[in-house]
Each structure stands twice: as C-alpha cells, then as structure tokens.
Amino acid sequence: MSDLANPDALATLVGKATTPRPAAGYWTAVGRRLKRDPVTIIVTLLLLAIVLMAICAPWVTSYDPYAGSVMRRLRPIGTPGHWLGTDETGRDLWTRLAYGGRLSLLAGVAPVMVSLLVGGLLGITAGFMGGLTGTLIMRTMDVFYAFPSILLAIAICGLLGNGLTNSIIALAVVFIPPMVRIAETVTTQARHLDFVEAARASGTTTMQIIRHHVLANVLGPILVYATSLISLSIILSAGLSFLGLGVTPPQAEWGLMLNSLRQSIYVQPYVAALPGVMIFVTSMCFNLMSDGFRSAMDVRLSK
Amino acid sequence: MLVFAGRRLLQAIPILLGVSLVIFGLVHVAPGNPIDMLMPPEASPEIIAQMKAAYGFDRPLHIQYLLWLGRALSGDFGISVFNAAPVLGQLMTALGNTLVLAVTAAALGFTLGIVFGMTAALHHGRWPDKLLSAVTTAGVSLPHYWFAIVLVLVFAVLNDWMPAQGMGDDSLPLWQRLDHIVLPVVTLCMIPMGVIGRLVRATVLEIMGQDFVGALSAKGLGRGPVLRHIIKNAAPPVLALMGLQFGYLLGGSILIETVFNWPGTGNLLNLAIFRRDIPVLQATILVLASFFVLLNLLVDIAQAAIDPRIRR
Amino acid sequence: MSAALLPVPPVDPRDRGGPAQPLLSVTDLRKHFPVYGGLLNRRVATVQAVDDVSFTIAKGETLGVVGESGCGKSTTARLVMHLIRPDAGSIVFDGEEVGSQAGLSVAEMRRQMQMVFQDSYSSLNPRLTMVDSIAYAPRMHGLPARQAVARSEQLLAQVGLNPALFARRYPHELSGGQRQRVNIARALALEPRLVILDEAVSALDKSVEAQVLNLLAELKARLNLTYLFISHDLNVVEYISDRVLVMYLGRVVEAGPVEEIYGRPRHPYTRALLASKPTLDPDRRTTVLPLSGDPPNPINPPSGCRFRTRCRFAQPACAEMLPPLLPPVDAAPGDAQHLVACILPEAQMNAEPRHAA
C-alpha cells in the first residue's frame, strides 16, 4: 500500500539501468560505501538476529508454542519464567513471538520471491518479444494495476478462503504487475542498447543475448525493487492475518497474534502491543536495509 | 491536449471491463456457491433451486456476467444476500463515511509529507534531514493497524482523551462528533505522509543536483525564485503519487476501519467476506476499483497539463 | 617470369565471383516506419526512412555515404545488416541473395559483414572486459575459450592496443578513441569481409579521429577488407572513400567516384552541401550559396524531387516526377560511373548567378 506503484521508484530504477554501471571494482566500491554506513550495518545485523531467532525458535525457548494454561493467562511483562508475559490462553509470549517469526517471515518473503520469478519472466518476455505477446501481457497487467493493492489482496484471500498458501498467492498477484512493468521497461531499453545490437549483428542467438547481456542488466533493478517490497509484503501479510484472512489459529503468526490479543487490550495493554512491535521492527529494518543498499549501489552519488 | 485526454478516457474503458471481469471471475473461482453456503443443510433441493433462480445463479456464466454488468452500469447492484437490503444504499452510506476519513487523512498526510520532504532536502545531510527521514521511513514501515491499536491504547485505554470506536451518536451533527475522527485520521495519514515525504525529498534532491539549478543561482536568482523552479519541476511525479495514495486510502482503509469500527467501505467489505455476501462484495470492489481507475485518469491528465513531455 | 615478380593479392577462399563481381549489391531497399496518433492511436502516416535505395560496393572498395542527419544513412546500414527488417528490396552478397531460400541466410551473412557503431561506450557491455567483449562472438560461434582469448589479444595488438595493458580493462577505464579501437577489433573478430562503419569516428576528437582513420586504412590494406563508411563529415568521407553516395530524405541523389563528386558535383543538393564544407583555403571561398533551413518533414516529403523545396533551380517540372538516378544528361560518353537524380543539365546550374546580386 505504500510505494508499491511508486512511479518515481520505477523511474530511478529504470534510469539506473540505462546508464550502464561500471563493473570493475564496482562491488568493492559498494562494499566500501556500505562499511561507512552504520545504520545499514546495524539493521542488517538486527534482521539477521530476527531470522536466527525464528529459525532457532526451539532452542531459544523451552516452552511449547501451542501449550497454554488457564492458570497463567495474560501475565504482564516481567513475570518470572515468562519475561514477555503470556497471551490470552496462557501461552508464553516470547515463545509465540519466536515461532511466529517463521510464518511471518515466510508469508512476507515468499510472495516477493514468487512475483520476482513470475513477474520477471513475464516482463522480460514482454520486453523482448514486443508485438502482440507483449501488448497482451502488459494490458493484462494494467487491469490488475487498476485495483488498490490491498483491496485486491483482500478480495482474493476473502474469496479463496484463508490459509498461508492463499495469502501468499494473493500478495504475489498484487506484486506481479509492478514487477512486470519494471522488467519490461528495462528489457526494452536493454534490447536497444548498442552492445546488444552489436551482439545481434555478430550472429548471437536470442537466448544467448538474453542470458549474457539482458539478464545482467535487468536483474539489478528488479532485485532492488524486490527488496524494497519485502517490507510492504510483511506488513500486508500480517495485515491479512490480522483480518482473519491469512494464517489460521492456533498457529503462531505476528498479525494473527496481534488480532487475538486485541481483545485483551484493557487487561494487558503492553503485552497486546508486542506482536505489532515485531512487525514494525522487521519491516523498518527491511526498508532501511533496502535504502542503504540502494544508495550504496547508486553510482551517481559516488563522486 | 484534448486528444490526449480523449485517448486516455478511451483507454480506461477496456481496463474497467477487465476489472469487472476479474471481480466476476474471482467470485466464481472461489469454492462454494453463495446460496449453498447460506441455506440450512436441511433445505430441500427444490427450495435451493428456487433461490438460485431468484438470484440468477442458475444461468450460464457469461449470461450471469453480462446481466450483472448491465445492471451494475445502471446502478443496480442487486440486494444483499445477508439482509435483503439494496446494495447500492448500503454502499453509498459506507462510501460517504470512507470519503470523510480518506479526504481528511490525505489532506493532513500530503501537507506533512511535503513540508517534511522539502525541509529534509533543503537541509540535506544535516540533523533535520536525518530526523525527518527517520520519521518518514517509519511512516512507510509502520503496520498501521498496529499503530491504530497503540493510539487506542494511549488515548482511550490508558487515558480517557478520545473515543476508541465508531462514529458516535448518529443523531448529533457531524461537527459535534469530530473527536471520533481524530484517531483514525492520524493513523491513516501516516502512510501518505511517509510515502510523499520520501518522494519529495528524493525528487527535490535530484533536481537540485541538475545543472539548470546551478545556472539559475549563477544567474544571480535569489533563494525564493530558485525554489519556485524546483517546485515546478518536482510537481508532476509528486502529483502522480498523491493520486495513487488517495486511491490506496480509499481502498486500503479496511484494516483501520476494522480497528476503529468505522462504518465505511472497508468495514462493509470485511463483513461481506465473512458473510459471503457476494452482491455486496462484488459491488464494493467494483466501485472502489472504478474510483481508482478514474483517479489515475485524472492524475494522468493533470500531469500532462503541467508537463508537456508526457503528452503523446 | 615477370609475372612471378608482380605482387599477387592474397585470394580469399570465400571469394566466389572474383574481383569483377561486387561484394555487396543492394537493390530498391525500402523501409517505411508507421506513425501512430490521433484519438484511437491508428496509423496516421508513414516516415519514408529509406526509399528505393540501390548501390553496389566492389571488393576492396570503400563506399562513403553522406547526408544531413535524418536522411536515412544509419537506417540503410541497419537494413543491410538485417538489424531492421526491410519492407522491400534485395541484398546480394558476393552473388548470393541474402534471406532467400537458395541464397545466404542472415546468420551466414552476418559472419561476413560486421558493424561499428557511433557510441563507443554504449556499444560495449559494461560488465565485460575488453578481451571478453572481443572474444564473445567467436565463442558463441563455437571457438574454444582459450583460442578465443588468444585471438582477441592478437586483435587488440592489431588495433594498436597493448594486450598486456588493455585486455583486462572495462569500458569505463578506456578513452573514447581506445574504446572505438576495441569496437573495431570486435567487429574484426569474426573475420568479416565487409565492415559497416556507422559514424564510427564522428564522436571522437579531431586528433584521435585521424589516428583511427589511419588505423582503418591500414587494416583494410592488411586484411583485404571492404568498407561501407557512413558519416555526416564531408572531409572524412573525402579522405577515406573511393566512391561516394549522397543521400537526401531517404533517397540517393548522387553517386560516383570521390573525385567526381567532390570535384564536379552535379546535384544541386551535393553542390550546396559541399559549399557548406568548412575550408581554410582562401582560393576556395564559398561560391555557391550554402543550404539554409532544415530538410522537410520525411512524413510528408514533397512531391516529385524531394529537394525541390530547398533548391534554387527548382522548376515546375521538378514537382511532377521523382527524377531517376541516371548518368547526367550532358555526361561525356563513358562517364557511366557518375549518377545523379536531377533533370537539370549542369550548364544551367553554372549559368545561374553565383551570388544573388
């Protein structure tokens, strides 16, 4: 819902593709610039910690994420044995948050991956083939572009029924159109670059040209765009679960936890807000990391 | 210019048709027939068939689509499967309530975004830039449904400053119920504030780096006139994004409306999904998406009016 | 006895028709681009980018093509390379028709014909080192990597770049002239017989341009090449070409040996163009009025002779038909080399007052 269809983001990405970047020492320069950017380093480390916490959930806590107890419902933060308190069925909140990271990260990252693959493929096809195929693909995307993103996701999820898979499908459908647009624009431009024409003139086949010349130029912009989408995707996927359209109870997922704890806001206000903090911190980290990488990779700022 | 506007208008027609097709298709891809879901399990097959015929669900799909589209074009969205009231009436009330929220939030968010973005760009690299960039980035990264809960927590639970839910007593005039609108609007304006703020900062910085700005200063123009040139050049992309953001506010307030129990389109949609009230669901999405298409159309035309390069 | 002492030109095994058969023969090449517009975005007009262009290039010859920007020079080059598909016309390479069933396939033709583009930077993949860029096409055609690299280092040396210094560099680490040398090396990597140079030296500094021109001349002699040299720079074309083609609005208006074209131009357009050529020789002051204004819109070219709207000698007859490309009406017999698309005899043009008095 934020900068999904941000035309400026499109423009700068595309602009980057047309001015070919120097390759030698390029990644060294990017690394050097990243090293001087403490914010990016910190958020990257923080993200790594969150991912590790999710993966290693069984080892960071001794509780069962599904075993509750009527006796220990809604304990406050700082309770001995439950340092982040317990939820409305008495499950340890730290355990739920750690396990919840697994589904939340999966539900946030998977749609971006799917749309990267499908959208990239469609966009490169449309850009390279042009003609009727290209027009057909692009006009179909225009139709999906006509929906406000979250509305489309909610409609798909609401109609297909809830569940992790449907939530991933719904968000992927939302992210594919902008991905196709970027890939198509960059491919069309790359196709007309002189060195691609030169390769064509020396009898290189279409597949070889795409592999060696186009892909390298298209991949950068769409990868940068994809990383900037992850933050949004995490917010939206948790939002779907928050509405009861995503992951189903009793599974642990931050959006779903936020929803079920909402009823207890008058009893344990701080505990009820915690899952949201996780969503916020994770999405903020992805955003800042994407910003950091984007400016480190931008040659125009290198002087 | 007129030709451009006319062509854009014509291009919107197939898109709207596609949109209606997608909405109709989604409903029929979804598992479960709406009538089967609503009927008690002991209902006789005759009654079910009768109900299906009454709602037109027994016709072939393409006929159903054309009938639905034809009626929708004349403003007849059928009656709600849930409460048998005409869909149009419910939808219009809800749309009005959503517009109140969206317009206020957009006005606030855009103003803050522009002010923050400009200030950050003009103080590039210094502390105002860092502070405001952090604020706008937070606005973009914020799960706004959570922020809504936090606001409720602070202003309604821990302190009793603001009402937490609904639009207040219907019998009172709107201006006496203004306190109900504060929290939803503050929540909703965070996203446009963040998105517009970031774009304004990036665009203004980019323009300030261009040669012509240097040339203007070298010509001896003061800060004010130079700033005017910058704003004129930054306007088209910012305007375009504002249009999109307003559309997202209309269609995306569903989460906020759920938290605050605001009787708008989002709330209506949410209820329709859980009641499997297909006529309401289709109508709401169709109307919101059409709004969005028209909004994009207006933005395109406005952009072309400002920036002649876009025409053609 | 004495025959053995004469220098024997190396015979290319790919040569089919012998020296008398032209290497490239283009007949009635045509490309019209549609222009879309209006409310429904329908085809509203066509740009006649290249219209019935015919020419031949003899083996070992350099054919120069001149004309103002937008006259269809570059489009012609791309059509010959089949980078753009021609609407009509035939291309015959060393006796074999390109693209026809019995003749040469486009892929086979491209192995014998290569192109150097104007922009030395954008025509090199920024992610490939020089040696990889040059080795790329041979590798795609199946040459083992090691041999391809060895060959491309050899080619670098041939274009005057020390392989030890330049092989591992990336495009942005080279100067414009050096990059254009690399582009030439890359074009030569497939051992072509014909090289199309599309404004290949136009973006270079004057001193560098001279060096690259000398390199081109040297390579041509050494490798037995044939050039199609496209440029808007009259001096450069005069220097390098054997024969010259003058184009105006997608059509050939005059063609002939370089001394003929520069020494005794027949077409009013060629005369005006040469008059605008800068010279430092006080004895060769401008005597013909130079061209003024821009060429007309190629979407709606004038009827009849396309130059008539800017021609000082235009007559009513000029609007009636397109003048064909023929030997001049008052040509001496045997002067079949020189062709011009103008109905006026030369005497009439010379009789005209040289300065509007």
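1. A quick definition first, as it helps with a residue further down: a residue counts as buried if 20 or more other C-beta atoms lie within 10 Å of its own, exposed if 12 or fewer, and partly exposed in between. With 15 C-beta neighbours inside 10 Å, C:Asn224 therefore counts as partly exposed. C:Asn224 sits in the loop between α8 (206–223) and β8 of chain C, and has a positive phi of about 60 degrees although it is not a glycine.

2. Please keep in mind that this is a predicted model. For the complex, the predictor gives an ipTM of 0.82 and a pTM of 0.76.

3. On chain C, the average pLDDT is 82, and 86% of the residues score at least 70. Among the elements of this chain, strand β8 (residues 226–230) has the highest mean pLDDT, 94, and helix α1 (residues 2–5) the lowest, 49. The pLDDT is also below 50 over residues 353–357 of chain C, a stretch with three contacts beyond near neighbours in sequence.

4. C:His82 deserves a look too: phi is near 65 degrees, a positive value in a residue other than glycine. C:His82 lies in the loop between α2 (73–80) and β4 (88–93) of chain C, and is partly exposed, with 19 other C-beta atoms within 10 Å.

5. Turning to chain A, a cis peptide bond joins A:Pro249 and A:Pro250, with omega about 5 degrees. A:Pro250 is in the loop between α10 and α11 of chain A. For context, most peptide bonds are trans.

6. Finally, the A–B contact: 41 residues of chain A are in contact with 48 residues of chain B. The chain A side divides into 27 nonpolar, ten polar and four charged residues.

Methods:
Residues are numbered from 1 along each chain as its sequence is written. Chains are lettered from A and ligands numbered from 1 in the order in which they are written. This is a predicted model: local features need pLDDT of at least 70, side-chain atom pairs count only at pLDDT 80 or more; totals for chains, interfaces and linings use all residues. Two residues are in contact if their C-beta atoms, placed from the backbone, lie within 7 Å. Ala, Val, Leu, Ile, Met, Phe, Trp, Tyr, Cys and Pro count as nonpolar, Asp, Glu, Lys and Arg as charged, and the others, Gly among them, as polar. pLDDT is the predictor's confidence in each residue, from 0 to 100. Helices (H or I, at least four residues) and strands (E, at least two) are DSSP runs, numbered from the N terminus.
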